[in-house]
Amino acid sequence: MTYQETLEWMFAQLPMYQQKGISAFKGKLDNIQALSAYLGHPERKFKSIHVAGTNGKGSSSHMLASILQEAGYRVGLYTSPHLKDFRERIRINGKPVGKKFVVDFIKNNKLFFEAHDLSFFEMTVGMAFKYFEKEKIDIAIVEVGLGGRLDSTNIIIPEVSLITNIGYDHVEMLGDTIAKIAFEKAGIIKPGVPVVISELQEETATVFNNIARERGSKIIFAGEVIPGIYKTSLLGSYQAKNVKGVVAAIKELKGFNIGDKHIVDGLLNVSDNTGLLGRWQYIGENPTVVCDTAHNTEGLSIVLNQLKQQEYTYLHLVIGFVKDKNLEQILPLFPKHAHYYFCRPNIQRGLDELVLKTRAMEYGLEGDSYPSVNEALKSALKVAKKSDFVFVGGSTFVVAEIV
């Protein structure tokens with residue numbers, strides 16, 4: 001198969017949560033453990049940092065990788081989902097995995113995948129770990145896909161675990177309270193492995209403290225040990241808490257020579273070093289156009305608060321969501337004094353733009369509907385004056401179509 005045919009097979013044959021929702025969630029580690037054994041346990045051949053959380057885990061993973069790259073290490077980075085190309089999920093020092101490796105990995109292991117009915121995410125995790133082993137990296141930053149306790153990445157024994165913000169997302173799988181969700185995220189805490197908590201939240205602190213105590217793991221609340229002196233090239237005031245967690249995790253990492261200059265430079269060169277996209281990213285000026293992949297209540301609250309701090313004459317919002325989002329919680333967050341361009345991301349789970357428009361009107365959000373993200377953005381740019389502000393977001397898949 002060609003690279004494109006390989007991707008089409010992966011997407012078509014095997015359930016992927018980002019496309020299909022809860023039907024793709026298996027909630028057990030049997031398959032990934034079987035795949036790991038079949039591949040020769042590649043995850044045991046490299047060191048790692050494990051990153052979980054509801055919001056901030058992607059940005060934090062990229063910051064960690066950037067700092068370690070500045071210190072001269074060969075750094076693997078596994079994140080999800082991708083925006084433009086599948087290979088964004090698996091990188092070494094910012095460079096995506098080669099197409100040939102992707103094609104060969106699927107071809108060589110296809111019979112095993114089919115026999116064990118592996119999910120898209122399970123085989124992608126196996127691919128990443130095998131690639132990191134083959135390329136003899138110094139350390140991998142591994143971002144959890146969903147949850148933590150039963151996530152396919154949770155077969156690693158990291159040097160440090162990092163848990164970022166906890167909020168309501170994927171409640172149908174992770175639980176309907178913050179404490180239940182925190183319990184699932186805390187599943188990445190391993191016996192004797194230090195865990196850093198980026199953000200002290202009253203509802204989660206007890207859960208994290210109890211599990212860390214049970215497992216004999218040192219627990220560090222970043223806000224208590226890291227002064228607010230580090231800056232990052234990642235825009236958005238919401239990155240401040242992520243930065244503290246990242247720096248605290250780096251300081252817990254033993255056996256690596258990382259100086260303060262590496263931390264400072266790494267935080268200031270994140271996108272250049274790792275290729276991160278879609279975090280308060282400027283994609284146009286006159287009018288200002290910014291996109292952000294925030295897609296749940298907590299993440300959108302943070303981003304919309306950032307939006308309030310901007311200067312503009314009039315605000316235009318290009319937004320779309322997936323079908324399983326709780327619109328009753330999300331839509332009230334959006335400002336009423338703006339014009340909306342409701343659109344549908346081009347995936348199976350994309351919420352119909354007319355449905356979104358109808359629901360949004362119930363919350364006083366006025367605008368027009370468009371069958372695609374690009375049509376919505378074109379209309380916004382046609383109407384917006386140079387002094388206006390255009391925001392694009394609501395879903396990773398909305399942003400993916402315009403970056």
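These legends go with a set of close-up views of a predicted model.

**View 1. The largest nonpolar core, with 36 residues in it.** If you want to find the middle of the action, start with M10, F113, M127, F129 and F132, the residues with the most contacts inside this core. Several elements chip in: α1 (3–13), α3 (30–38), β3 (90–92), α5 (99–116), α6 (120–134) and β5 (139–143) each bring at least two residues. The largest share belongs to α6, with nine residues. Zoom in on M127 and you'll see its partners: setting aside residues up to four places away in sequence, M127 touches M10, F86, I90, F101, V102, F105 and I106.

**View 2. A second core, separate from the one in View 1.** This one has 34 residues. Among them are I67, L77, A222 and V243. V243 turns up again in View 5, where it is one of the α11 residues in contact with α12.

**View 3. Helix α3 packed against helix α5.** The two axes sit 11 Å apart, and the helices pack at an angle of about 150 degrees. Angles over 145 degrees count as roughly antiparallel, so that is the label for α3 and α5. The crossing of this pair is right-handed. On the α3 side, look for N31, A34, L35 and Y38; on the α5 side they meet N108, N109, F112, F113 and H116. Sorted by class, the residues of this contact come out as five nonpolar and four polar, with no charged ones. F113 is also one of the best-connected residues of the core in View 1, being listed among those with the most contacts inside it.

**View 4. Helix α5 again, this time with α6.** Here the axes come within 11 Å and cross at roughly 125 degrees. That angle makes α5 oblique to α6. As for handedness, the crossing of α5 and α6 is right-handed. From α5, the contact uses F101, V102, F105, I106 and F113; from α6, it uses M123, G126, M127, K130, Y131 and K134. The class count is eight nonpolar, one polar and two charged. The M127 of View 1 is part of this contact, and F101, V102, F105 and I106 are among the residues that M127 touches.

**View 5. Helices α11 and α12 side by side.** Helix α11 covers residues 239–252 and helix α12 covers residues 260–268. They pack at an angle of about 145 degrees, with axes 12 Å apart. Their crossing is right-handed. V243, V246, V247, I250 and K251 of α11 make the contact with D260, I263 and L267 of α12. Six of the residues in this contact are nonpolar and two are charged, with no polar ones.

**View 6. Two cis peptide bonds, S80 to P81 and N286 to P287.** Most peptide bonds are trans, so a cis one is worth a look. For the bond from S80 to P81, omega is near -5 degrees. P81 sits in the loop between β2 (75–78) and β3. For the bond joining N286 and P287, omega is about 5 degrees. P287 lies in the loop between β9 (281–284) and β10 (288–291).

**View 7. Positive phi at H41 and D117.** Most residues other than glycine have a negative phi. H41 is not a glycine, yet its phi is positive, at about 50 degrees. You'll find H41 in the loop between α3 and β1 (47–52). Its relative accessibility is 22%, so H41 counts as partly exposed. D117 also has a positive phi, near 50 degrees. This residue is in the loop between α5 and α6, the two helices of View 4. At 48% relative accessibility, D117 counts as partly exposed too.

**View 8. G94, a buried glycine in a loop.** The loop in question runs between β3 and β4 (95–96). Buried means under 20% relative accessible area, and G94 has 18%, so it makes the cut. What does G94 contact, leaving aside its neighbours within four places in sequence? Q69, N273 and T274. For a sense of scale, G94 and V290 are 196 residues apart in sequence and 23 Å apart in space, C-alpha to C-alpha.

How values were computed: Residues are numbered from 1 along each chain as its sequence is written. This is a predicted model: local features need pLDDT of at least 70, side-chain atom pairs count only at pLDDT 80 or more; totals for chains, interfaces and linings use all residues. Side-chain values use heavy atoms; hydrogens and water are left out. A nonpolar core is a set of buried Ala, Val, Leu, Ile, Met, Phe, Trp, Tyr and Cys residues joined through side-chain atoms within 4.5 Å. Buried means under 20% relative accessible area, exposed over 50%, partly exposed in between (1.4 Å probe, protein chains only). Contact means heavy atoms within 4.5 Å. Axes are lines fitted to C-alpha atoms, for helices over the stretch in contact, and angles run from 0 to 180 degrees between N-to-C directions. Angles under 35 degrees count as roughly parallel, over 145 as roughly antiparallel, 65 to 115 as roughly perpendicular and the rest as oblique. A crossing is left-handed if the near helix is turned anticlockwise from the far one by less than a right angle, and right-handed if clockwise. Ala, Val, Leu, Ile, Met, Phe, Trp, Tyr, Cys and Pro count as nonpolar, Asp, Glu, Lys and Arg as charged, and the others, Gly among them, as polar.
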